[in-house]
Amino acid sequence: MSFVTAVLTEVEHIALPLPLIAYPMVAAVLFLALGVVLWSFRDVSNRHSGKADAYAAARGGHGSSTGGH
């Protein structure tokens, strides 16, 4: 008998606090909530493009509305 087999036979069954199906459901809800947060910031840079252009012009940089890098 190997050590691993001996350890596995001695380990008692641990009862989970939630049913087994609840864990993937909690993960899915958290993933969905994080997706909603990410979706809410989808157009933030375009909302402030006027500020970015003014800052770039004041600092001698390229304007953000010209395209490219």
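**Figure 1. A nonpolar patch on the surface of the predicted model.** Six residues make a nonpolar surface patch in this predicted model. They are Leu16, Leu18, Leu20, Tyr23, Val26 and Leu30. The patch covers about 590 Å².

**Figure 2. Close-up of Leu18.** Leu18 is part of the nonpolar patch. Leu18 lies in a loop. The loop runs between helix H1 (3-10) and helix H2 (22-40). Is Leu18 buried or exposed? Leu18 is partly exposed, because its relative accessible area is 39%, between the cut-offs of 20% and 50%.

**Figure 3. The helices along the chain.** The protein contains four helices and zero strands. Its pattern along the sequence reads α-α-α-α. Helix H2 spans residues 22-40. Helix H3 covers residues 44-47.

**Figure 4. Surface and burial.** How many of the 69 residues count as buried? The share is 3%. The accessible surface of the protein is about 6,600 Å². Carbon and sulfur atoms account for 70% of that surface.

**Figure 5. Confidence in helices H2 and H3.** The mean pLDDT is highest in H2, at 96. Confidence is lowest in helix H3, at a mean of 72. Across the protein, pLDDT averages 81. A score of at least 70 is reached by 81% of the residues. Where pLDDT is low, predicted coordinates should not be read in detail.

Methods: Residues are numbered from 1 along each chain as its sequence is written. This is a predicted model: local features need pLDDT of at least 70, side-chain atom pairs count only at pLDDT 80 or more; totals for chains, interfaces and linings use all residues. Side-chain values use heavy atoms; hydrogens and water are left out. Helices (H or I, at least four residues) and strands (E, at least two) are DSSP runs, numbered from the N terminus. Buried means under 20% relative accessible area, exposed over 50%, partly exposed in between (1.4 Å probe, protein chains only). Accessible areas come from the Shrake-Rupley method with a 1.4 Å probe; for residues, only the protein chains shown count as cover. Patches are made of residues with over 30% relative accessible area and no salt bridge: like charges are joined within 9 Å, nonpolar side chains (Val, Leu, Ile, Met, Phe, Trp, Tyr) within 5 Å. A salt bridge is a side-chain nitrogen of Lys or Arg within 4 Å of a carboxyl oxygen of Asp or Glu. pLDDT is the predictor's confidence in each residue, from 0 to 100.
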